[in-house]
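Work through the exercises below with the structure open beside you. Each task is followed by a solution in steps.

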Amino acid sequence: MATVFSADFGSSRQWVAGRSSAYPRMGPTNRSDHKLDYLSGAHCPDGVLAATRRPGSDLWDTNLLTTEGSPDAFQVVTGDTLTARVTLPTALGAWPAIWTWRDGGNEIDVFEYHPDNPDLLEVSNHVHGGYRYWHGGASGIAPGATVDLRTVFGRRSVDWYANGAPVYSDHRGVGAGWHAYLIVNLSVSDGTYHPRPPADGPGRLSWTCHGLHVDR
């Protein structure tokens with residue numbers, strides 16, 4: 001296999017900031033998905049994806065980067081392997097994710113995380129069904145932890161790993177012709193399923209994606 005994509009989160013050739021067809025009308029908000037996001041147009045050259053309170057509002061300015069609509073227009077395809085090193089957030093309400101999206105679907109969640117469930121990673125295949133909520137405390141999953149993630153987008157099975165430990169093999173896969181854009185973002189929970197940030201809590205939330213590569 002060869003590396004076909006190496007993320008530069010400051011690159012406007014690789015990434016579009018603050019616009020995605022995964023959000024109604026391309027954003028900036030997505031309250032129907034229980035998010036307090038107001039998408040920012042900022043890139044993240046240091047790999048730190050952040051959310052800051054908007055004065056006079058319950059919404060937060062949030063970072064979202066996607067390859068959809070970018071000049072390079074990179075897409076992952078069946079058989080690719082994605083690896084990423086991330087540092088998880090610590091503050092309640094933070095909702096980081098790496099995922100795929102195209103044409104209203106084709107979503108594979110490489111990971112989602114909520115600090116109120118401190119040892120839990122969420123992984124999902126929305127293409128053909130299948131998900132797991134994985135308690136990975138023994139493998140180092142915790143608020144503030146740095147975690148090495150690997151996801152194989154197989155035709156018959158999507159396989160997820162964290163710090164070398166197997167998380168889930170769905171035995172469903174993405175099919176032979178699947179392809180999709182990448183999204184890396186930080187959302188803010190609205191309190192429906194996970195606590196929203198406390199009113200007297202920090203005014204800034206963040207997590208870090210230290211590196212992301214796709215091999216083919």
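**Exercise 1. Sort the lining of the largest pocket by class, then place it.**

Step 1. By class, the lining holds nine nonpolar, 15 polar and seven charged residues. Here Ala, Val, Leu, Ile, Met, Phe, Trp, Tyr, Cys and Pro count as nonpolar, Asp, Glu, Lys and Arg as charged, and the others, Gly among them, as polar.

Step 2. This is a predicted model: local features need pLDDT of at least 70, side-chain atom pairs count only at pLDDT 80 or more, and totals for chains, interfaces and linings use all residues. Residues are numbered from 1 along each chain as its sequence is written, and side-chain values use heavy atoms, with hydrogens and water left out.

Step 3. The largest pocket has a volume of about 570 Å³. A pocket is an open set of points on a 1 Å grid over the protein atoms alone, with protein on both sides within 12 Å along at least five of seven lines; lining residues have an atom within 4 Å of a point. A volume is the space filled by probe spheres set on the points, which are joined across faces, edges and corners.

Step 4. Of the 31 lining residues, Asp 33, Trp 95, Asp 109, Glu 112 and Glu 122 lie nearest the centre of the pocket. Two or more lining residues come from each of β9 (94-101), β10 (108-113), β11, β12 (131-135) and β16 (179-188). Strands are DSSP runs (E, at least two residues), numbered from the N terminus.

**Exercise 2. Find the largest cavity and describe its walls.**

Step 1. Search the whole structure: one cavity of 30 Å³ or more turns up. A cavity is a set of grid points where a 1.4 Å probe fits but cannot get out.

Step 2. The largest cavity contains about 40 Å³ of space.

Step 3. Its lining includes Val 110, Leu 121, Arg 150 and Trp 160. β11 (120-125), β13 (146-153) and β14 (158-162) each give at least two lining residues.

Step 4. The lining splits into eight nonpolar residues, one polar and one charged.

**Exercise 3. Is Lys 35 buried or exposed?**

Step 1. Locate Lys 35 in the loop between β2 (16-17) and β3 (37-39).

Step 2. Its relative accessible area is 5%, so Lys 35 is buried. The cut-offs are under 20% for buried and over 50% for exposed, with partly exposed in between (1.4 Å probe, protein chains only).

Step 3. Leave aside neighbours within four places in sequence. Lys 35 then contacts Tyr 23, Asn 30, Trp 95, Trp 99, Ser 187, Val 188 and Asp 190. Contact means heavy atoms within 4.5 Å.

Step 4. Pro 28 lies in the loop between β2 and β3. The peptide bond from Gly 27 to Pro 28 is cis, with omega near 15°.

**Exercise 4. Trace the partners of β4.**

Step 1. β4 (residues 48-53) and β17 (residues 204-215) pair in the antiparallel sense over five bridges. Strands pair if DSSP finds at least two bridges between them. Val 48 stands opposite Thr 208 in β17.

Step 2. β4 also pairs with β5 (residues 60-62), antiparallel over three bridges. Here Ala 51 faces Thr 62.

Step 3. Six residues sit between the strands in the hairpin of β4 and β5, where Gly 56 takes a positive phi near 75°.

**Exercise 5. Which phi does His 171 have?**

Step 1. His 171 has a positive phi of about 55°, although it is not a glycine.

Step 2. His 171 belongs to the loop between β15 (165-169) and β16. It is exposed, with a relative accessible area of 67%.

Methods: Helix = DSSP H or I, 4+ residues; strand = E, 2+ residues; numbered from the N terminus.
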